[in-house]
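Here is a short note for a first look at the interior and the surface. Please read it with the model open.

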Amino acid sequence: MTLADAGYHSGSALDECARRDLKLVMPESSRRRAQHHPYHKDRFIYDQCNDSYLCPHGQTLTPVGAIRSPNGTPRRVYRASAATCQACPAFGVCTNDLLNGRALTIGPHDAVLRRHRTWMATREAQEISKRRKQLIEPVFGIIKEQQGARRFLLRGLVNVAAEWVLLATAFNLRTLWRIWRSGAVGFLPCSPASQPIP
């Protein structure tokens, strides 16, 4: 089980994890929460036999062509007729397009994104996600706010790795000091074998 931050959420990352058979708990960022809309494309059912989508009101959207996203990823476009959409009680909420009707733009990772959203809606995934906030978020907060490490000061992989080791060591020493101060553990006296020779 892998717990990841929302900043890493993408269709390609989910697809790679699925290929490696990795179970992933990773929320979507707040800007991607539009799937809660009653007419989000996840609520349209794909008909593989006819290569079409069925809308929540039972109307069919058929393929009308393809486009490319700004990063060059190919996407297929499915559309309902304008007349059908204008006569639908959801017109104005589902779409406002008077000329073309509702369209769905489907990318190569839409299926894995949909599966992941279904998984993240389960109680198990939500409980695991809560654990991540308790485990790792305080660590990032302390390193950024109290240790002042909001960015690396050095350049180059070797230098950055060394800088990170120092930050992690400082964090671990801070943690050990807090445990020692709380009285949870004490220092063991030196054994005779480890005592310095006079």
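1. How much space lies in the largest cavity? About 100 Å³. Its lining has 15 residues, and Cys55, Cys85, Cys88, Cys94 and Arg102 are the closest to its centre. A cavity is a set of points on a 1 Å grid over the protein atoms alone where a 1.4 Å probe fits but cannot get out; lining residues have an atom within 4 Å of a point. Points are joined across faces, edges and corners, and volume is the space filled by probe spheres set on them.

2. On provenance: the model is predicted, local features need pLDDT of at least 70, side-chain atom pairs count only at pLDDT 80 or more, and totals for chains, interfaces and linings use all residues. Residues are numbered from 1 along each chain as its sequence is written, and side-chain values use heavy atoms, without hydrogens and water.

3. Next, the largest nonpolar core (buried Ala, Val, Leu, Ile, Met, Phe, Trp, Tyr and Cys joined through side-chain atoms within 4.5 Å; buried is under 20% relative accessible area with a 1.4 Å probe, protein chains only). This core has 13 residues, and Phe44, Tyr53, Leu61, Tyr78 and Leu104 have the most contacts inside it. A second, separate core has seven residues, including Cys17 and Val112.

4. Look at Leu104. Beyond its neighbours within four places in sequence, its contacts (heavy atoms within 4.5 Å) include Lys41, Arg76 and Val77.

How values were computed. On a 1 Å grid over the protein atoms alone, a cavity is a set of points where a 1.4 Å probe fits but cannot get out, and a pocket is an open set with protein on both sides within 12 Å along at least five of seven lines; lining residues have an atom within 4 Å of a point. Buried means under 20% relative accessible area, exposed over 50%, partly exposed in between (1.4 Å probe, protein chains only).
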